[in-house]
Amino acid sequence: MSNEQLADLTQPQRDRLAFVELRVRFIGEIRRQDLVTRFGIQSAAASRDLALYKELAPGNIDYDPKGKSYVLGPDFRPVFDFPPERVLSWLTQGFGDGEPMRLKAWVASESPSRLTHPDLDVLASVTRAIHQECPLGIEYHSISSGRTEREIVPFALIDNGLRWHVRAFDRKSQEFRDFVITRIKRPFLMRDADVQPHERSDQDIQWTRIVELEMVPHPDQPRPEITEMDYGMVRGSLRMKLRAATAGYILRQWSVDCSPDHSLRGYEFRLWLKDHLALYGVKNAVLAPGYRSPDQNKGEQ
């Protein structure tokens with residue numbers, strides 16, 4: 001599809017075609033009803049949009065009569081240049097699915113840029129595997145093990161504030177783990193492989209467990225009332241419910257002092273975890289600043 005062909009279309013048409021591409025590339029399929037629901041158009045108009053996209057981008061989508069849907073074609077080539085942040089916000093928050101454009105902001109603002117972005121083709125394979133509930137073969141690169149071939153069963157994305165992970169069952173280690181998406185190479189969907197009951201997300205104890213955390217102004221920082229204002233605390237504390245699988249990431253991102261004796265120093269530690277025992281049994285608690293397990297505390301006494 002050329003820029004000239006796109007320019008001949010109305011903005012609503014381009015937005016709908018961009019939505020078609022996002023759905024097929026990152027979810028793996030689209031139906032007429034998806035367009036009808038998203039844009040409030042008639043079924044006939046949705047059929048015309050799908051036919052138009054197929055005409056303008058041959059090989060990108062194929063009709064699956066069995067599933068009565070359009071699926072990713074074998075010769076897919078993206079038409080729209082979506083920034084990774086836009087794709088991830090659509091996948092995880094459900095907005096930003098129109099044509100990617102740089103629009104004039106209503107007010108001046110700046111936000112920190114990420115230093116890493118997942119490759120969109122890799123991300124697309126991961127998200128299609130999640131949506132279609134099928135295993136994913138990958139080449140994975142880790143600092144400890146180097147390059148390994150793995151089969152994983154992914155079911156969720158996790159943003160740890162610095163980079164994106166996929167939560168998945170790892171058939172190599174036979175446990176649920178987080179995989180950094182930028183370290184995944186050559187992913188392929190294993191559509192003919194079955195997912196076993198023990199590989200599903202409801203068997204992931206760290207994912208299904210919810211931990212309740214209470215954070216208070218750091219006792220060794222001045223002006224606790226300012227911290228209460230910054231974090232919208234109620235009666236001097238901030239209470240959060242988090243999945244155990246994400247707790248360590250979030251506490252590190254927020255620079256929460258998780259030591260039992262609030263011993264960490266530095267202006268970044270505005271918050272203190274009031275009860276460090278709330279993290280007992282949380283595997284990634286080792287990422288939380290200052291956290292020491294009860295066993296470590298006993299050994300130091």
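User: Let's start with Lys274: which accessibility class does it fall in?

Analyst: Lys274 counts as partly exposed because its relative accessibility is 47%. The cut-offs do the work here: under 20% is buried, over 50% is exposed, and partly exposed sits in between. Keep in mind that we're looking at a predicted model.

User: And how does Glu214 come out, buried or exposed?

Analyst: Glu214 has a relative accessible area of 18%, so it counts as buried. I bring the two up together because their side chains form a salt bridge, at 3.9 Å from N to O. That pair links distant parts of the chain, 60 residues apart: Lys274 is in the loop between β12 (271-273) and α10 (294-300), while Glu214 belongs to strand β9 (residues 210-217).

User: What's the general idea behind a salt bridge?

Analyst: Side chains of opposite charge can pair when their charged atoms come close. As for this structure, it holds 21 salt bridges. Take Glu99 and Arg14: their closest N and O atoms are 2.9 Å apart. Glu99 sits in the loop between α5 (84-93) and α6 (120-132) and Arg14 in helix α2 (residues 11-27), so this bridge ties together parts 85 residues apart in sequence. Both Glu99 and Arg14 are buried.

User: How far apart in sequence are the parts tied together by Asp178 and Arg167?

Analyst: First the bridge itself: Asp178 pairs with Arg167, and the closest N and O atoms are 2.8 Å apart. Asp178 is in strand β7 (residues 175-180) and Arg167 in strand β6 (residues 164-170), so the parts they tie together are 11 residues apart in sequence. Asp178 and Arg167 are both buried.

User: Which residues are linked in a network of salt bridges?

Analyst: Look at Glu139, Arg147, Glu149 and Arg186, which are joined in such a network.

User: On to helices. Why do residues three or four places apart point the same way?

Analyst: An α-helix makes a turn every 3.6 residues, so residues with that spacing share a direction. Keep that in mind for the contact of α2 with α5: the α2 side is Phe19, Leu22, Arg23, Phe26 and Ile27, and the α5 side is Val87, Trp90 and Leu91. Those contact residues divide into 7 nonpolar, no polar and 1 charged.

User: At what angle do α2 and α5 pack?

Analyst: About 75°, with the axes 12 Å apart. Angles of 65 to 115 degrees count as roughly perpendicular, so that is how α2 and α5 are described.

User: How many residues of helix α9 are buried?

Analyst: In α9 (residues 244-253), 8 of the 10 are buried, so this helix is largely enclosed by the rest of the structure. The buried ones are Ala244, Ala245, Thr246, Ala247, Gly248, Tyr249, Ile250 and Leu251. Just after α9, you'll find Ser255 with a positive phi of about 55°.

User: Last one, aromatics. How many aromatic pairs are there in the whole structure?

Analyst: A search turns up 7 aromatic pairs. One of them is Phe155 with Trp207, 5.3 Å centre to centre with 80° between the planes, which makes it edge-to-face. Phe155 lies in strand β5 (residues 146-159) and Trp207 in helix α7 (residues 205-208), so parts 52 residues apart in sequence are tied together. Phe155 is buried, at a relative accessible area of 19%, and Trp207 is buried too, at 14%.

User: Which residues form one aromatic cluster with Phe155 and Trp207?

Analyst: Phe169 and Phe176 join them in that cluster.

Terms used
Residues are numbered from 1 along each chain as its sequence is written. This is a predicted model: local features need pLDDT of at least 70, side-chain atom pairs count only at pLDDT 80 or more; totals for chains, interfaces and linings use all residues. Side-chain values use heavy atoms; hydrogens and water are left out. Buried means under 20% relative accessible area, exposed over 50%, partly exposed in between (1.4 Å probe, protein chains only). Helices (H or I, at least four residues) and strands (E, at least two) are DSSP runs, numbered from the N terminus. A salt bridge is a side-chain nitrogen of Lys or Arg within 4 Å of a carboxyl oxygen of Asp or Glu. Axes are lines fitted to C-alpha atoms, for helices over the stretch in contact, and angles run from 0 to 180 degrees between N-to-C directions. Angles under 35 degrees count as roughly parallel, over 145 as roughly antiparallel, 65 to 115 as roughly perpendicular and the rest as oblique. Contact means heavy atoms within 4.5 Å. Ala, Val, Leu, Ile, Met, Phe, Trp, Tyr, Cys and Pro count as nonpolar, Asp, Glu, Lys and Arg as charged, and the others, Gly among them, as polar. Rings of Phe, Tyr and Trp (its six-membered ring) pair if their centres lie within 6.5 Å; planes under 30 degrees apart count as stacked, over 60 as edge-to-face and the rest as tilted.
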